[in-house]
Amino acid sequence: MSIVPACPLLGIDIGGTKIGLCVGTADGRVIDSELIATDHGESPESILRACRERLLAMLARSAGTGALPGAVGASCPGPLDYANGKFIDPPNMPRWHGFAIRDWLAANFACASAFMNDANASALAEWKWGAARGVQTAIYLTMSTGMGAGLIIDGGLYEGPLGLAGEIGRIRLRDDGPVGFAKRGSAEGFLSGPGMSQLAEQEALICVQRGEQSRLRATLEAGGRVTAQELCEAAASGDSAALRVTDRLATELGRLCTILTDILNPDVIVLGTIGSAHPDLFIPGAMRHMLEEGVAAAARHVRLLPSGLLQRGDQSALAIAARLVD
């Protein structure tokens, strides 16, 4: 039987596609969790009001009526204005621009609360409980709706003076390519889910014009969108067009990892979401590029690994809350 602590922690993992809610412990154990879709037609206040109600119901179900949370952590898409406790301009969530998340947490929970960039929160969780456990320097790459990095440097989370360290999505990897942050060829363009979809649909159009059969082409001709998930599933099944896309993405991931490795000399780089779900499509090609292009000793030293967390989103939010009670 699972033992529930007297004051469990609450976590909110805010994303462009879904919001995760959880009750858990300071050692990263998830007791209960739920997912809700991110409704882009609703205001942040309306969405979070529903989140609070569900969290309190989960808390009562897990720990009994009248139970009080020990702390609340909110993992948020960046970039964030830490000084004023607000979202800045997450590209996939326009209604959240400028939203005062710190004030909302303080007004709605009678316990300690904190928010953090989701990439930083995931890096912290991986370092405490996942694939980066026990190392001194690590990088976590989101590879999700957006593309960012969380940095563990010399045994601690590094956020920078403005909390903006790790905003790597704007780095231009090529002069041209899929668009992210209004930049062609950016890291966000190549290595986020929406960016991968752009590249996959371009390849599907090539298949149409060549007369080449492909699952990507079939989806496009049926009027659908080629999602990152479908791209990776097609590549894993041996679809030649899909493999051309994922091979290119692996090279661009390697290019980004080479830059980061040459600068920071990490022990490990952890891939989140898409990279974690399909490591065989991305890690070999990325490592090959790193070994060819990077500082040889640093490239040989670093390990490129999928996330080691079974419930990464929930555990990332719990890592924020756990800092408040450690």
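Which residues does R217 touch, not counting residues up to four places away in sequence? In this predicted model, the answer is A204, C207, V208, G211 and E212. R217 itself lies in helix α6, which spans residues 215-221. The residue is buried, because its relative accessible area is 14% and the cut-off for burial is under 20%.

A sheet at higher residue numbers was examined next. Five strands form an open sheet in the order β10-β9-β8-β13-β14. The pairing within this sheet is mixed. Its edges are β10, residues 156-158, and β14, residues 303-306. Each of these edge strands pairs on one side only. On average, neighbouring strands of the sheet are turned by 25 degrees against each other, direction ignored.

The pairing of β13 with β14 was resolved in detail. Strand β13 covers residues 268-271. It runs parallel to β14, and four bridges join the two. Within this pair, L271 stands opposite P306 of β14. Helix α8, residues 240-264, lies across part of the sheet. The strands it crosses are β8 (138-141), β9 (149-153), β13 and β14. Relative to β8, α8 runs at about 155 degrees.

The early strands of the chain are linked by hairpins. β1 and β2 pair in the antiparallel sense over six bridges. Three residues separate them in the hairpin they form. One bridge joins I12 to its partner L21 in β2. The next hairpin is made by β2 and β3, with five residues between them. In that turn, G28 has a positive phi of about 85 degrees. Strand β3, residues 30-37, is antiparallel to β2, and the pair has seven bridges. Here I19 stands opposite I36 in β3. Strand β2 thus takes part in pairing with β1 and with β3. How many of the seven residues of β2 are buried? The count is six, and the strand, residues 18-24, is mostly covered.

Two helices meet in a further contact. Helix α1 spans residues 44-63, and helix α2 spans residues 101-108. They pack at an angle of about 35 degrees. Their axes are 12 Å apart. The crossing of α1 and α2 is right-handed. From α1, the contact is made by L48, R49 and R52. From α2, I101, W104 and N108 contribute. By class, the contact has three nonpolar, one polar and two charged residues.

Helix α2 has a buried side. Its buried residues are I101, W104 and L105. These residues lie on the same side of α2, because they cover an arc of only 100 degrees around the axis. Which exposed residues does the face of α2 turned away from its buried side carry? They are A106 and A107. Several elements cover the buried residues of α2, including α1 and the strands β1 (9-14), β4 (71-76), β6 (86-87) and β7 (112-117). I101 and W104 are thus buried residues of α2, and both also belong to its contact with α1.

Two residues in another part of the chain, S186 and V179, were compared. S186 sits in the loop between β12 (183-184) and α4 (187-191). Is S186 buried or exposed? S186 is buried, with a relative accessible area of 0%. Its contacts beyond four places in sequence are G169, R170, I171, R172, L173, P178, V179 and G180. The C-alpha atoms of S186 and D175 are separated by 8.5 Å. Along the chain, these two residues are eleven residues apart.

V179 is one of the residues that S186 touches. It is placed in strand β11, residues 179-180. Unlike S186, which is buried, V179 is partly exposed, with a relative accessible area of 36%. Neighbours within four places in sequence aside, V179 is in contact with R184, S186, G189 and Q198. W96 is 83 residues from V179 along the chain. The C-alpha atoms of V179 and W96 are separated by 21 Å.

Conventions. Residues numbered from 1 in each chain as written. Predicted model: local features only at pLDDT ≥ 70, side-chain atom pairs only at ≥ 80, totals over all residues. Heavy atoms only, no water. Pairing = 2+ DSSP bridges. Axes fitted to C-alpha atoms, helices over the stretch in contact; angles between N-to-C directions. Contact = heavy atoms within 4.5 Å. Left-handed = near helix turned anticlockwise from the far one by under 90°. Nonpolar A, V, L, I, M, F, W, Y, C, P; charged D, E, K, R; others polar. Buried < 20%, exposed > 50% of the residue type's maximum accessible area, 1.4 Å probe, protein only. Arc of directions from axis to C-beta.
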